[in-house]
Amino acid sequence: MENKQHHSPAYRALLQAGPRLKPLQQVHAHLIVSGSGRIRSLLTKLLSLACAVSITYTRRLFFAIPIPDSFLFNTVVVKTSKLGFSIDSLLFYRRMILSDIAPSNYTLTAVIKSCADLSALKLGRVIHGHVLSSGYDLDLHVQAALVSFYAKAGDLGVARKIFDKMPERTVVAWNSIISAYEQNGFAKEAIGLFYLMRDSGVQPDSATCVIVLAACAQLGDIGLGRWVHEYVAGQDFDVNVVQLGTSLINMYARCGHVGKAREVFDSMRESNVVAWTAMISGYGMHGSGTQAVELFYQMRAHGLWPNKITFVAVLSACAHAGLVHEGRLVFASMKQEYGLVPGVEHHVCMVDMFGRAGLLKEAYQFIKEVIREKPSPAVWTAMLGACKMHKNFDLGVEVAEHLLSIEPENPGHYVMLSNIYALAGRMDRVEMVRNMMIRKSLKKEVGYSTVEVDQRTYLFSMGDKSNPETNEIYQYLDELMSRCREAGYVPESESVMHELEEEEREHALRYHSEKLAIAFGLLKTSDAVVIRIVKNLRMCEDCHSAIKFISIVANREIIVRDRLRFHDFKDGSCSCLDYW
DNA sequence: GTAGGGTTAG
């Protein structure tokens, strides 16, 4: 309040206009008429407000200024970067350099962020050069920006090196490096760094909580997730409560506790599309399509407008629950009622939905008729999944071969094609595909599973022997599997399950990470405890079938989250009804 | 007259 009184009338007029085009233009006109159109402080404020309104107006305004000074350049670079106009911010930066104006630490942090948003590794490295030559490499803001830039552009190693050299580690510095690991799929390492941060006496802030909750969600670490929830409740994070709430919803849903996620959702005093989408997607993952659709329709009554991601969440929920009719209606409403143009991701959902429901013709028709432009590989991949699920070998082989011709470097397609050949009994072809993969030296992602025992999360990977009780676990697993065989379990043939590496083949089937995690969970918990597993990849046919039998012989409920959804195994059957 | 880290899908 007291500051505002020192401002000139013209400045106050700008503040009053705020980030709105018409009022801003009026004030601008007035500035010119009254002769104060060249006062730098007014121009700067005008420019910073304009950035939030229209990038075209910003450009016009900026280029009308005869000789922009360093501060004006800073403002326009910083603001455009912050608002997500990354390319514009880089263009302004280039103009700044060409005008022989030295970038400041403010400019540099902004352009580094723009490069991060664009994942522009090469350009970012050039800017890093500017940082070094200008001496701003000692600036904390610049360093933190560089850490997250390298993480997002795909060079986690350099990100870590910069972090390690930081003389002072603020919360933001820690948040940058923790998020770097989380975003690159190293949730375990992210959590390890979080503990280091606390040991070094730095208090987590609300951003830390959001990042750590994402890591918990990735790993299924409900123990730490609950701890963060309690921590958040005890703090006074009054800003960004929606974002924190959304992170909690996501964490609980991905850790298998949809009910708890819903509790958080219902308790939120304010919410937005993102929070609703997170809840809808949580239902979808659990196969609760009806609740997902219901929530989607309720959004309107709350004055919220679904976005493209919301539609992906609803449609994929319909696909996983077999709600074909509802899915069709939702898809139609996307264009008609919400004016959104369906993208590849929505087409994938639709093909997936028809395919899972066994409507292969509809799926194929959808690709041919509804998708106008050339169907993307992702759409064909969904079609291929449907062919495999419903054992349509002829169409499956055709689709797989087409996919290989357009995406010859994607190992997933080879695995799928070879599995289809195997199901069709064409072993000669299986071998051929396998050899093609070896020739191209394509590798699959390494799989891992986690299991929670006594509030602690344990991680297993295929053939893993790092656990101190490895021998007991393997022995117990062998015992378990022989009891399953007595109960009627037949292992899938090795060729169906073929793995890429010889080393992996040795352990194939028998020691997939989810089986190890389940064996450990059964050994370590008492009879009534539900076993909860989180796997980073999709489950294979053999494990799916084996776990059904394990749920009988061990008389236990086992819940597995794979890359796509939850499987609730009870008394020999699974909640996904064998479609996943 | 201006900064760095953070939410929803596949």
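How many Å separate the centres of domain 1 and domain 2? Taken over C-alpha atoms, those centres are 27 Å apart. Before you start clicking: this is a predicted model, where local features need pLDDT of at least 70, side-chain atom pairs count only at pLDDT 80 or more, and totals for chains, interfaces and linings use all residues. Residues are numbered from 1 along each chain as its sequence is written, chains are lettered from A and ligands numbered from 1 in the order in which they are written, and side-chain values use heavy atoms, with hydrogens and water left out.

**Stop 1: the two domains**

In chain A, select 178-271 for domain 1 and 448-574 for domain 2 (bounds from an automatic or database domain assignment). Here 14 residues of domain 1 are in contact (heavy atoms within 4.5 Å) with ten residues of domain 2. Together the two bury about 990 Å² (accessible area, 1.4 Å probe, lost on being put together and summed over both), and carbon and sulfur atoms give 43% of that. Now pick Lys188, Leu219 and Arg254: in domain 1 they lose the most area to domain 2, together 38% of what that side buries.

Looking for polar contacts (N or O atom pairs within 3.5 Å; within protein, one must be able to donate a hydrogen and the other to accept it, and residues adjacent in sequence count only if both atoms are side-chain atoms)? There are five residue pairs of that kind across this interface, both residues at pLDDT 80 or more. Next, colour α13 (206-219), α14 (222-234) and α15 (241-254), helices being DSSP runs of H or I with at least four residues, numbered from the N terminus. Each supplies at least two residues of the side of domain 1 that touches domain 2.

**Stop 2: DNA strand B**

Show the 41 residues around DNA strand B (a heavy atom within 4 Å of the strand); Tyr11, Asn175, Asp205, Ser206 and Asn240 come nearest. Of the strand's atoms within 4 Å of the protein, 40% belong to sugar or phosphate and the rest to bases.

Zoom in on some side chains:

- Ser206: an N or O atom is 2.9 Å from a base nitrogen.
- Thr246: an N or O atom is 3.1 Å from a base oxygen.
- His141: an N or O atom is 3.4 Å from a base nitrogen.

**Stop 3: a salt bridge**

The structure holds 14 salt bridges (a side-chain nitrogen of Lys or Arg within 4 Å of a carboxyl oxygen of Asp or Glu). Select Arg59 and Asp88 for one of them, with the closest N and O atoms 2.8 Å apart. Arg59 sits in helix α4 (residues 55-63) and Asp88 in helix α6 (residues 86-98), so the pair ties together parts 29 residues apart in sequence.
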